[in-house]
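This report describes a metal site, aromatic rings and enclosed spaces in one protein. Please keep the sequence and the structure in view while reading.

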Amino acid sequence: MNRRNFFQSLGAVAASGIALPTWATQTGLQQTGGIGKAKPLFRANPRLTCLRGYQGQDVSCDSAWIEGKIPSDLRGDFYRNGPGLFERGNQRYHHWFDGDGMVHAWRFGEQGVSHQARFVRTKKFLAEQQAGEFLVPAFGTPIEAKIPMRSSDTMNTANTNVIQLDGRLLALWEGGSAHAMDASSLQTHGIVSWAPELAGMPFSAHPKVEADGTMWNFGTMMDRLVMYQISAQGKLIKHHVMKCPRTAMAHDFAISQKHLIFLLSPIALNMDLLRAGRSMVDSMEWKAEESTKVLIVEKADFTKSRILEIPALMLFHFGNAWEENNIIHLDFVKSNDLTNFNTWMPKIMRGEDVASEPSNPAFLRIDLNTNKIRLTERLENAEFPRVDPRVVGQRNQFLYYPHAVNKRDNNAFNGVMRLHVDSGKKDVFDFGERYRLEEHVVVPKRGSRNEGEAWLVGVGFDVDRQTSFASVFDAQNLSAGPVALAHLPYWLPHCFHGNFYSRA
Ligand SMILES: [Fe+2]
């Protein structure tokens with residue numbers, strides 16, 4: 001797809017009615033704060049403070065209070081990103097995914113642990129900060145466009161992930177371009193274009209980086225899928241745009257040694273609802289009777305692919321994939337449908353600490369000889385799976401998750417879990433109900449060679465103290481509890497994803 005076609009497809013969305021009147025009356029929210037009318041909707045709830053959001057201010061702490069002992073070989077920068085601003089004037093976003101990106105740097109050094117966070121200065125953020133109101137539609141909130149919608153980057157919040165590539169940071173958002181930032185100051189440099197013909201093309205928030213630094217990524221726009229291969233030096237090696245088997249709404253993907261793998265859930269976009277003023281989220285329809293498409297693309301030649309089918313299922317995140325004897329093994333976190341996405345998330349954004357639907361580790365065995373697929377599932381409630389960075393796209397033994405321990409829903413991860421894939425053996429630490437845990441990432445121990453010889457580093461929120469902390473576990477013994485917690489004197493908005501970059 002060329003740029004012109006891409007913008008035409010976007011135009012269909014952007015022009016499809018981002019006004020709000022129908023939405024406000026149909027949801028009943030207008031009584032307590034519909035768009036553009038009453039005061040923002042957030043019932044103060046100490047368990048959900050991290051969803052209140054900031055007001056656009058940057059924060060920093062030179063020296064976190066350390067409980068325990070930070071390992072002497074854990075030195076580097078732990079970057080995270082997530083939606084940090086949800087309200088302007090008398091408006092509040094309805095969906096967690098809508099907030100403006102706030103990039104965090106936890107720096108682990110000889111002197112201790114520091115923290116700084118800055119909002120990504122997207123064009124959207126700067127214009128709205130100056131105006132004191134929201135100016136563009138959001139993914140889950142039908143806001144009237146008050147500036148020209150030139151491309152998806154007009155709505156780009158840069159709020160989903162942050163990676164370091166060849167010395168610079170990239171703040172990522174699945175619907176548009178990456179934003180480059182200074183890795184030290186967190187100042188925003190601007191939008192990244194991988195090649196002139198790719199300007200403005202979506203670059204998803206879940207690139208996969210192999211042990212040698214090769215990065216693979218994709219972007220979706222309606223029924224088109226763009227795929228990228230990028231060198232460790234940040235140079236585009238190849239790309240390809242293909243037509244998708246259905247309107248592509250892929251958040252994440254997996255790579256094996258030879259393939260890129262996508263699971264495309266049966267989600268349809270109801271254009272009538274969009275034109276009537278609903279948001280994208282509220283215009284999505286779950287087609288339970290349809291299949292989930294399994295799209296498998298060859299790494300060596302993006303034009304070679306096959307499409308298989310499995311029953312309808314919903315997912316956001318993959319852990320890893322690998323293949324052996326022409327059989328692909330992959331894992332992801334499965335839920336049944338869109339309920340958490342379009343019903344539960346708007347509730348917690350209003351301050352309602354209500355139960356979510358479960359989301360469970362799931363596994364696919366895809367036989368490329370016979371095109372037969374076997375699905376197996378586990379019962380633990382978990383999300384945000386990660387693996388040791390040394391085994392991305394290779395056979396892995398372990399998966400690591402924030403985990404809702406002993407709970408039937410996953411609306412608060414009160415622990416962390418390591419799962420041994422083959423045996424099913426678990427290593428779990430339960431923080432208790434007082435804490436909410438985010439994604440934890442795997443940081444190889446200095447000088448180690450084997451998968452899992454690592455520190456597990458993440459972020460959490462202490463409900464009683466109303467403050468946030470970074471947590472460090474020995475990844476080989478989670479049940480022993482964290483070896484260190486680095487406490488901040490303030491709370492942080494919940495993040496989605498991040499990565500730790502060790503210093504030599
Ligand atoms: Fe994600």
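Rings of Phe, Tyr and Trp (its six-membered ring) form a pair if their centres lie within 6.5 Å; planes under 30 degrees apart are called stacked, over 60 edge-to-face, and the rest tilted. The model is predicted, so local features need pLDDT of at least 70 and side-chain atom pairs count only at pLDDT 80 or more, while totals for chains, interfaces and linings use all residues. Residues are numbered from 1 along each chain as its sequence is written, and side-chain values use heavy atoms, with hydrogens and water left out.

**Aromatic rings**

The structure contains 28 aromatic pairs. In one of them, the ring centres of Phe97 and Phe341 are 5.5 Å apart and the planes meet at 55°, so the pair is tilted. Phe97 belongs to the loop between β5 (91-92) and β6 (100-109) and Phe341 to helix α6 (residues 339-349), so the pair ties together parts that are 244 residues apart in sequence. Helices (H or I, at least four residues) and strands (E, at least two) are DSSP runs, numbered from the N terminus. Phe398 and Tyr400 also form a tilted pair, because their ring centres are 6.5 Å apart and their planes are at 50°. Phe97 and Phe341 belong to one aromatic cluster that also includes Trp96, Phe139, Phe316 and Phe496.

The table lists the accessibility of these paired residues and of two loop residues discussed below. Buried means under 20% relative accessible area, exposed over 50%, and partly exposed in between (1.4 Å probe, protein chains only).

| Residue | Relative accessible area | Class |
|---|---|---|
| Phe97 | 17% | buried |
| Phe341 | 4% | buried |
| Phe398 | 10% | buried |
| Tyr400 | 1% | buried |
| Asp166 | 55% | exposed |
| Asn325 | 66% | exposed |

**Two loop residues**

Asp166 lies in the loop between β8 and β9 (168-172), and its phi is near 50°, a positive value in a residue other than glycine. Asn325, in the loop between β22 and β23 (327-335), has a positive phi near 55° and is likewise not glycine.

**The iron site**

Which residues are the protein donors of the iron ion? They are His206, His251, His317 and His497, each through NE2, at 2.0 to 2.2 Å from the ion. Donors are N, O and S atoms within 2.8 Å of the metal (3.2 Å for Na, K and Ca); water is not among the atoms, so sites may look incomplete. The angles among the 4 donor atoms run from 91 to 167°, and the site is irregular. Four donors count as tetrahedral if all angles lie between 85 and 135 degrees; four count as square planar and six as octahedral if opposite donors are over 155 degrees apart and all others between 65 and 115; anything else is irregular.

In sequence, the donor residues follow the spacing H-x44-H-x65-H-x179-H. His251 lies in the loop between β15 (236-243) and β16 (254-255) and His317 in strand β22 (residues 314-324), so these two tie together parts that are 66 residues apart in sequence. Both His251 and His317 are buried.

**A pocket**

On a 1 Å grid over the protein atoms alone, a cavity is a set of points where a 1.4 Å probe fits but cannot get out, and a pocket is an open set with protein on both sides within 12 Å along at least five of seven lines; lining residues have an atom within 4 Å of a point. Among the 36 residues lining the second largest pocket, Val209, Arg386, Pro389, Val392 and Asn499 are the closest to its centre.
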